[in-house]
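Student: I have a protein model open and I don't know how to read it. Could you take me through it feature by feature?

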Amino acid sequence: MKLNISQRLIEWYDRHKRDLPWRNTRDPYLIWISEIILQQTRVEQGLPYFEKFIENFPNVKSLAEADEDEVLKLWQGLGYYSRARNLHNASKSVMNDHSGSMPGNYSSLKKLKGVGDYTAAAVASFAYKEAKAVVDGNVIRFISRYFGIEDEVNSAKGIRQISDAASEILDKDDPDIHNQAIMEFGALQCIPSNPDCSSCPFQNNCFAFNNRSVASLPKKKKALKQKHRYFNFFLFRIDDGFFIEKRTDND
């Protein structure tokens, strides 16, 4: 069963995959940069940033030696600036603690600042073919619908069920292609709203489709109520310029 799922995912991927530059390399640095940029960012928006970033910082050494302001300037427009700061700090760790070479496995990658379970699994599988299943929003959506996981996917129990299922169906011989395929399937086919189930290769065995629960899966805990914050500030104008003070990490 699990091999059949992986085979169908890979067959679908071969026909429908997008041609993206980070899919044509085994360079862990380039893959790492792409994964960090694509956090909270659509591929269409992230692609030009990726190309510009690696043009300026083609390897981990050039990134580590760059000034933080230079890194942040290239990041302008992407938001979530902590990602850029973590990239910069992690690149220095690679130079200082790993002799300038990216860590070569999942466990070591996770020790880099800003690298969590998903990013470590992505880099480890894409660059080194380590058999680690990726779990992102696209994977969660496909697995919860296919297997009928009705626990909230952002609860401890739901996360464990999704992770176990992702690992169970992983193609251990080709984890890189499998991981790319399942994420692409979730991004293009098993989309959040109104997916085209009529053309889905998993239609016959999909719990959600056969139980008319596609729209209700995956289930999530309700987000906490947002609090409004208000800031008082002074604006100092000097001739044709303004005085600006950068916020610190503790602010």
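Tutor: Let's go through the chain, a helix pair, a cavity, an aromatic pair and two backbone oddities. This is a predicted model, so local features need pLDDT of at least 70 and side-chain atom pairs count only at pLDDT 80 or more, while totals for chains, interfaces and linings use all residues. Residues are numbered from 1 along each chain as its sequence is written, and side-chain values use heavy atoms, with hydrogens and water left out.

Student: How many helices and strands are there in the protein chain?

Tutor: Helices (H or I, at least four residues) and strands (E, at least two) are DSSP runs, numbered from the N terminus. The protein chain has twelve helices and two strands. Its C-alpha atoms fill a box of roughly 70 × 45 × 30 Å along the principal axes.

Student: How do I describe two packed helices?

Tutor: You give the angle between their axes and the distance between the axes. Here, the axes of α9 (residues 137-147) and α11 (residues 175-188) come within 8 Å and cross at roughly 80°. The two helices are therefore roughly perpendicular (65 to 115 degrees). Contact (heavy atoms within 4.5 Å) involves residues including F142 of α9 and F185 of α11.

Student: What lines the largest cavity?

Tutor: A cavity is a set of points on a 1 Å grid over the protein atoms alone where a 1.4 Å probe fits but cannot get out; lining residues have an atom within 4 Å of a point. The largest cavity holds about 140 Å³ of space, a volume being the space filled by probe spheres set on the points. It is lined by 15 residues, with R145, C190, C197, C200 and C206 nearest its centre. Helix α9 gives the largest share of that lining, three residues.

Student: Which kind of aromatic pair do Y146 and F202 form?

Tutor: Rings of Phe, Tyr and Trp (its six-membered ring) pair if their centres lie within 6.5 Å, and planes over 60 degrees apart count as edge-to-face. Y146 and F202 are edge-to-face, at 5.7 Å centre to centre with 85° between the planes. Y146 lies in α9 and F202 in the loop between α11 and α12 (207-210), so the pair ties together parts 56 residues apart in sequence.

Student: And the backbone oddities?

Tutor: Most residues other than glycine have a negative phi, and most peptide bonds are trans. Q40, not a glycine, has a positive phi of about 65°. The bond from L217 to P218 is cis, with omega near 0°.

Conventions: Axes fitted to C-alpha atoms, helices over the stretch in contact; angles between N-to-C directions. Parallel < 35°, antiparallel > 145°, perpendicular 65-115°, else oblique. 1 Å grid on protein atoms, 1.4 Å probe; cavity = no way out; pocket = protein on both sides within 12 Å on 5 of 7 lines; lining within 4 Å. Phe/Tyr/Trp six-rings, centres within 6.5 Å; stacked < 30°, edge-to-face > 60°.
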